[in-house]
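Let's take a walk through this model together, starting with one residue and working outward. Keep the viewer open so you can click along.

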Amino acid sequence: MQNEKDLFDMLKEMYPQHPRKEFVSATENTLRQRARSMGKKRIITKFSVISSGVLVCAFIFSWLIFFNGNSKVSEVVQSVGGASSSYAMDEKEPVVYIYHSHNIESFIPEVSAQQVYRERAYSDTKNITLVGKELSRALKELQVPAIHDETDVAGILKQRGLYFQDSYKVSRENLQKVLAENDSIRMVFDIHRDSTKRRESTIEIKGEEYAKIKFVVSKTSGNYETNKKFATQLHEQLEKLYPGLSIGVIEKGVNPQNTYNQELHDNSVLVEMGGIENTLEEMYRTTDIFAQVLEDILEKSK
């Protein structure tokens, strides 16, 4: 008995396949178009898989960097008079607030000659704000939650038509707001760069050069006594670890009168770190030590 295959073979022998050339050409074109279409679909599918993988990795990386698996960190950005006002906030009960009333103070070795005016260097990018940022980072490594205010005070002065001496009025705005919203803050630092020469602002410790540090307390502040006591504690702790790194506590604010906003918090100090001829690397070395001192003091006060 013949099956289907036998019948099919028999039919093929009875009617030999001799297709026309036009049929062969049309069939070939159709098959090529289908092949190209299948290739495109494979590329799109591959791209989608890769893109999804990249997005997932980016999300995980961001979470590890910004949230550290423990605390929630946010970037607060405001528009004040057309200039930027922002600060990185660790929402896990921040205990240190860092800001810069003179945020564009820079360093001669770090900027071009055009950015040095009357031997005073200023920069919109390479300035004292980077030092505050390094202090915030070092504190975070020591598990000390901090807020670093990166507000462009100089930009706000320009937008509002204010003068340089009005810097403390502008920086005061964020300080008041942050203190009102975070009663956990126990230390406040307005970090500046001093204008002294390198020979006065630098010290060599174990073969490496460090920027010296100075603490300024306003005598006209309502918290003068408590702030002076706090500044003296900072100086003495630095002296124990690295003698000579701290210049000491300086009293100012009488003529011209300026409280440096220190009446807003009883552990508030203006910090002058390094001088105009120091490098950022030297500043960062001192900053890391300063972070250790803050962590020590906070730990002992528990």
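Start at N223, which sits in the loop between β10 and α7 (224-241). Keep in mind that what you're looking at is a predicted model. Is N223 buried or exposed? Its relative accessibility is 17%, and since buried means under 20% relative accessible area, N223 counts as buried. Now look at who surrounds it: leaving aside residues up to four places away in sequence, N223 touches Q262, E263, L264, H265 and D266. One of these partners gets a polar contact as well, as the N223 side chain reaches the backbone oxygen of E263 at 3.1 Å.

Next, hop over to V254, in the loop between β11 (246-252) and β12. V254 has a relative accessible area of 53%, and the cut-off for exposed is over 50%, so V254 counts as exposed. It still has company from elsewhere in the chain: not counting residues up to four places away in sequence, V254 touches K219 and T220. V254 and T220 are 34 residues apart in sequence, yet their C-alpha atoms are 6.2 Å apart in space.

That kind of long-range pairing is a good excuse to zoom out. Of the contacts in the chain with a separation of 6 or more, 73% are between residues 24 or more positions apart. The chain has 302 residues, 40% of them buried, and its secondary structure comes to eight helices and twelve strands. On the outside, the chain exposes about 17,900 Å², with carbon and sulfur atoms supplying 55% of that area.

Now for the inside. Rolling a probe the size of a water molecule over the atoms shows where empty space is left. How many cavities of 30 Å³ or more does a search of the whole structure find? The search turns up two.

The largest cavity has a volume of about 40 Å³. Y99, H100, D149, E150, T151, V153, V170, S171 and N174 form its lining, which divides into three nonpolar, four polar and two charged residues. Which helix gives the most to this lining? That would be α5, with three residues. An α-helix has 3.6 residues a turn, so residues three or four places apart point the same way.

N174 deserves a closer look, as it is found in helix α5 (residues 167-181) and belongs to the lining of the largest cavity. Its relative accessible area is 6%, so N174 is buried. The N174 side chain makes a polar contact with the side chain of T151 at 2.7 Å, and T151 is another of the residues lining this cavity.

V153 is also in that lining, and it leads us to helix α4 (residues 153-160), whose buried residues are V153, G155, I156 and L157. After α4 comes G161, with a positive phi near 70°.

The second largest cavity holds about 30 Å³ of space. Its lining is made up of D194, T196, S201, K212, I213, K214, I247, E272, M273 and G274. Strands β10 (213-218) and β12 (268-273) each supply at least two of these residues. By class, the lining has three nonpolar, three polar and four charged residues. These strands bring us back to where we began: β10 is on one side of the loop that holds N223, and β12 is on one side of the loop that holds V254.

Terms used:
Residues are numbered from 1 along each chain as its sequence is written. This is a predicted model: local features need pLDDT of at least 70, side-chain atom pairs count only at pLDDT 80 or more; totals for chains, interfaces and linings use all residues. Side-chain values use heavy atoms; hydrogens and water are left out. Helices (H or I, at least four residues) and strands (E, at least two) are DSSP runs, numbered from the N terminus. Buried means under 20% relative accessible area, exposed over 50%, partly exposed in between (1.4 Å probe, protein chains only). Contact means heavy atoms within 4.5 Å. Accessible areas come from the Shrake-Rupley method with a 1.4 Å probe; for residues, only the protein chains shown count as cover. A polar contact is a pair of N or O atoms within 3.5 Å; within protein, one must be able to donate a hydrogen and the other to accept it, and residues adjacent in sequence count only if both atoms are side-chain atoms. On a 1 Å grid over the protein atoms alone, a cavity is a set of points where a 1.4 Å probe fits but cannot get out, and a pocket is an open set with protein on both sides within 12 Å along at least five of seven lines; lining residues have an atom within 4 Å of a point. Grid points are joined across faces, edges and corners, and a volume is the space filled by probe spheres set on the points. Ala, Val, Leu, Ile, Met, Phe, Trp, Tyr, Cys and Pro count as nonpolar, Asp, Glu, Lys and Arg as charged, and the others, Gly among them, as polar.
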